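The following exercises are to be worked with the sequence and the model side by side. Each task is followed by a solution in steps.

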Amino acid sequence: MGSTGFNNQNNQNNANRLGITEPISLGGPTDYDVIRTRELEKFLANVGLYESQEEAISREEVLGRLDQIVKMWVKAISRAKGLNEQLVHEANAKIFTFGSYRLGVHGPGADIDTLCVGPRHATRDEDFFGELYRMLIEMPEVTEMHPVPDAHVPVMRFKFNGVSIDLLYAKLSLWVIPEDLDISQDSILQNADDQTVRSLNGCRVTDQILRLVPNIQNFRTTLRCMRFWAKRRGVYSNVAGFLGGINWALLVARICQLYPNALPNMLVSRFFRVYTQWRWPNPVLLCAIEEGSLGLQVWDPRRNPKDRFHLMPIITPAYPSMNSSYNVSSSTLRIMTEEFERGNKICEALEANKVDWDKLFEAHLFFEAYKNYLQIDISAANDDDLRNWKGWVESRLRQLTLKIERHTFNMLQCHPHPGEFSDKSKPLHCSYFMGLQRKQGVPVNEGEQFDIRLTVEEFKHAVGMYILWKPGMEIHVTHVRRRNIPNYVFPGGVRPIRSVRPAGESRRVLEPKVPNHAETGNAPDETDKARKRKQEDDITGTNSRATKCVVGVGFSSEGVSENGPCIGTVTSFPIKVENNLNEALDLKNPTELSSQNGNESDESVKCSPPTGLVSANPGSSSSREAEKIAIEKLMAGPYGSHQAFAEELEELEDDLEYKNQVKNFGGTTKGGSVESFPMTKEATTVPVTTTTRAGPCSSVHLNGSLEELEATDLMAPLLNGIHSTSTAQQKPVIRLSLTSMGKATGKST
């Protein structure tokens, strides 16, 4: 676990040079900080965030063995290519690590991000994904091999003696790879292809982070804490639109620069204080962005139009600097902003000795937070297909969030759950969930309706463009109310009794305590007094005005042809989405970001350090006010916060890992006619027969408990100009002023 840095190993002169501004405070730790930090470290150890010595040794042995294998591999291919014996003898490849393992914050069972660096004659397709793959797959200690050569960053995933490995490859322009190779030098990128540049980026960024923090041990403890907190609060997932490991590392590293002599307890507190006050989309930078001499594009919204769409830019410190958080949407930014505010309030209570550390790490009760959810179910024919299908669908879920935000003008907010759920009774199946709510703080008019049926259809159409699609890969999108959430999402398959909360209390702040030994965000058992809450769902809408939302449902595709997955019918149903106010713990509604409304900032942005350092007494009101001013000045930099409409981000930047795995169906859409049926309040089974141009779909059934209402033909022209070839008589759907009409033909339906 290591020491906490109590011996003040910081070099103050060096600390002052770290970062693009002077530190906010150079104050050292007090006795209180020492005690609180020890309590924090004990807490982190008790929840199992540190691996055992045996596991650490096992990882080192695996890495050593892997390094031997790639050295044998490069000599073998060198000989096969006819190189002379001298070059064969000197031929070398080297393994580097990056990510959480290199940062020293990995936990038990975590995978190891690795990079194989090879010479110029060792190709990626033929040699790395060819010969090395064959060598590894024949070894008994290698299991669960899954190569992804077409990814934005090509990778081989496998287990070696039970240790999960993600192996990338970088082909350098060198004939011989020296054993003491320094990949932090920019010259290493000379004549490198794009895939090599991206593969090298992880190692280069990780090493640069460790160089830019004043105290590595304090950084590691704080980062472990923040990673655990993010997972407990449901905001740890890059693919879902939140932040991943590298993002959290960069945010924590910046706080370490601003408080170079602080111990982890204060760094955690200042993390929430700084980022609660941060005005996004001002970027977080660990160092100045270098233009470099190789002509590679770096993040710069002044020059690159697509960079202006980033809502929460967190910039990597190694050349070429990139935004590591391009996946963040307005909904996920709002959720993270609320969580920063919650954390800040709790840390203030911690400083006042009103709460303990476990309060900060209480799990977010996702399935109590909303009354309406989207459930996305996927299935496949076998394990390999399901793994590929899951990876693809997960990469597209962010698009569904973005589409809903865009087509409802950000009035309908989505909260994607970062994890997946599996029903043990349904093999080769998993589910994803999104919470839905109306935008808070705006008037609610009776009967207002969000029509997102075509939004869901467009999402399913995009998913159906997977180039590796196989029969059996299916997707279903369903609206489900809180009371109908399936039991398999809860621990042990048992639905907990919900707690009673007074009207108007925040849905994300005051939540029941949960045991601090669990890292998942699932809900624990509650007390019997919470039984009253059940009535809330049974009488939804009786005491409040409702907003309707019409969403789409996917259907199974048994018997489809091999041309593509069946994109079935779509059914409409209302969702009553009520406002929830952030009143608990004195939280205010999240600040509206000018960038989300397309407004430009009038500020003159310059890189200027704080005029003075904050005093070492963080508890005084004058010190806190000075700290607030210093934080404001941090956001003065050369990159203006003027940004374009966030709705266009979806078209400009797609998910990188799977951007090459989309096929063109020749201008056709997999859709068909829809047979309408009346709404039933009881849980009934309604048969629906669908057809598709990709192949016939068998008759399927819907569970009436999932809130189906009336079916209408939804094959209106999509935004990309694809038209349906079949029509059916439509039932009128009332759409009020807030209904998204961006995807309709302009005619009333």
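**Exercise 1: A charged pair in helix H11**

Arg334 is buried, its relative accessible area being 9% (buried means under 20% relative accessible area, exposed over 50%, partly exposed in between, with a 1.4 Å probe and protein chains only). The model is a predicted one, in which local features need pLDDT of at least 70, side-chain atom pairs count only at pLDDT 80 or more, and totals for chains, interfaces and linings use all residues. Residues are numbered from 1 along each chain as its sequence is written, and side-chain values use heavy atoms, with hydrogens and water left out.

Task: Identify the residue with which Arg334 forms a salt bridge, and place both in the secondary structure.

Solution.
1. A salt bridge requires a side-chain nitrogen of Lys or Arg within 4 Å of a carboxyl oxygen of Asp or Glu. For Arg334 the partner is Glu338, with the closest N and O atoms 3.6 Å apart.
2. Both residues belong to helix H11 (residues 330–351), where they are four residues apart, about one turn of the helix. Helices (H or I, at least four residues) and strands (E, at least two) are DSSP runs, numbered from the N terminus.
3. An α-helix has 3.6 residues a turn, so residues three or four places apart point the same way.
4. Glu338 is also buried, at a relative accessible area of 4%.
5. Elsewhere, salt bridges with shared partners connect Asp67, Lys71, Lys94 and Glu179 into one network. The count of salt bridges by this rule is 32.

**Exercise 2: Two further pairs**

Task: Determine whether the partners in the pairs Glu131–Arg134 and Asp300–Arg303 are buried, partly exposed or exposed.

Solution.
1. Glu131 and Arg134 form a salt bridge whose closest N and O atoms are 3.3 Å apart. Helix H6 (residues 124–137) holds both, three residues apart.
2. Glu131 counts as partly exposed at 29% relative accessibility, and Arg134 counts as partly exposed at 43%.
3. Asp300 and Arg303 meet through their side chains at 3.7 Å, N to O.
4. Asp300 is buried, with a relative accessible area of 2%, whereas Arg303 counts as exposed at 57%.

**Exercise 3: The surroundings of Ala170**

Task: Locate Ala170 in the fold and list the residues that it touches.

Solution.
1. Ala170 lies in strand S5 (residues 163–171).
2. Its relative accessible area is 0%, and therefore Ala170 is buried.
3. Leaving aside residues up to four places away in sequence, Ala170 touches Leu115, Cys116, Val117, Gly118, Arg124, Thr196 and Leu200; contact means heavy atoms within 4.5 Å.
4. Val117 is 53 residues from Ala170 along the chain, yet their C-alpha atoms are separated by 4.9 Å.

**Exercise 4: Helix H9 and the whole protein**

Task: Compare the span of helix H9 with its expected value, and state how many of its residues are buried.

Solution.
1. Helix H9 (residues 245–258) has 14 residues and reaches 20 Å from first to last C-alpha, close to the expected 20 Å. The expected span is 1.5 Å times one less than the number of residues.
2. Twelve of the 14 residues in H9 are buried, among them Trp248, Arg254 and Cys256.
3. Across the 749 residues of the protein, 57% count as buried.
4. The protein contains 18 helices and 13 strands. Of its contacts between residues at least 6 apart in sequence, 76% join residues at least 24 apart.
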